[in-house]
Amino acid sequence: MTENLPTIITRAGQRLLDARTSGEVLEAKRFAEAALHYAKVTKAANDTHADCLRIITRAEMRMANEIDRGQASGEVARQDSHGRGVQSSVQASDTRPTTCDELGIDRRRVSEWREIRDAGEGVVEGAIANALAEGRPPTKSEILEDAKRINAERRDDKAQRRGEKIKMMSAALP
């Protein structure tokens, strides 16, 4: 590689900031993934791993938003209405939405991206900070695990509040 690791990370981050299309976001993500691989191979500092993961997760969060927008507008296929069994013989762009496969995205990853996005950037930063405080590089699996836990707690809290509201309304009935 002719570029050094900090330069690659900087370029990946700048590409993400400058990205205007989902293709450009994915390109920035791939640059950051290459930088993360390079960081692992060269045993770079944990902060370097963290910088790569920040770019990757921010790109994935943006892609989750882009996919949701595309699905809402009908430009991107939804699993429930255009998932399995989509007629692949019909290729005109005006007859069917684009699938995740055609975009080069594994739809299982989209679910993970949404999970992290819904948890928020603070959860990403918290998972990264915890790993760095323990003197080790952060991992995507830790970020996803924390995001799932936070989202589950939020769902539980929401269900509990809903139950309390129903109880109060029931008690108010004659």
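This passage describes the salt bridges and the largest nonpolar core of a predicted model.

Residues are numbered from 1 along each chain as its sequence is written, and side-chain values use heavy atoms, with hydrogens and water left out. Because the model is predicted, local features need pLDDT of at least 70 and side-chain atom pairs count only at pLDDT 80 or more, whereas totals for chains, interfaces and linings use all residues.

Over the whole structure, 20 salt bridges were found, a salt bridge being a side-chain nitrogen of Lys or Arg within 4 Å of a carboxyl oxygen of Asp or Glu. One of these joins arginine 109 to glutamate 112, with an N to O distance of 3.0 Å. The two residues lie 3 residues apart in helix α6 (residues 107-119), a separation of about one helical turn; helices (H or I, at least four residues) and strands (E, at least two) are DSSP runs numbered from the N terminus. Arginine 109 is partly exposed at 33% relative accessibility, and glutamate 112 is partly exposed at 23%. Here, buried means under 20% relative accessible area, exposed over 50%, and partly exposed in between (1.4 Å probe, protein chains only).

A salt bridge in helix α8 (residues 140-172) pairs glutamate 153 with arginine 149 at 3.4 Å, N to O. These residues are 4 residues apart in the helix, so about one helical turn separates them. The relative accessible area is 36% for glutamate 153, which is partly exposed, and 42% for arginine 149, also partly exposed. Elsewhere, salt bridges with shared partners link Asp51, Arg54, Arg58, Glu121 and Glu125 into one network.

Arginine 136 and glutamate 142 also form a salt bridge, in which the closest N and O atoms are 2.5 Å apart. Arginine 136 has 27% relative accessibility and counts as partly exposed; glutamate 142, at 22%, is likewise partly exposed.

In soluble globular proteins, nonpolar side chains tend to be buried together. The largest nonpolar core of the model contains 39 residues, where a nonpolar core is a set of buried Ala, Val, Leu, Ile, Met, Phe, Trp, Tyr and Cys residues joined through side-chain atoms within 4.5 Å. Met63, Ile67, Ile105, Trp113, Ile116 and Ile143 have the most contacts inside this core. At least two core residues come from each of α1 (5-18), α2 (22-41), α3 (46-73), α6, α7 (121-133) and α8. The greatest contribution is that of α3, with 10 residues. Apart from neighbours within four places in sequence, isoleucine 67 is in contact (heavy atoms within 4.5 Å) with Val76, Ile105, Val110, Trp113 and Arg114.
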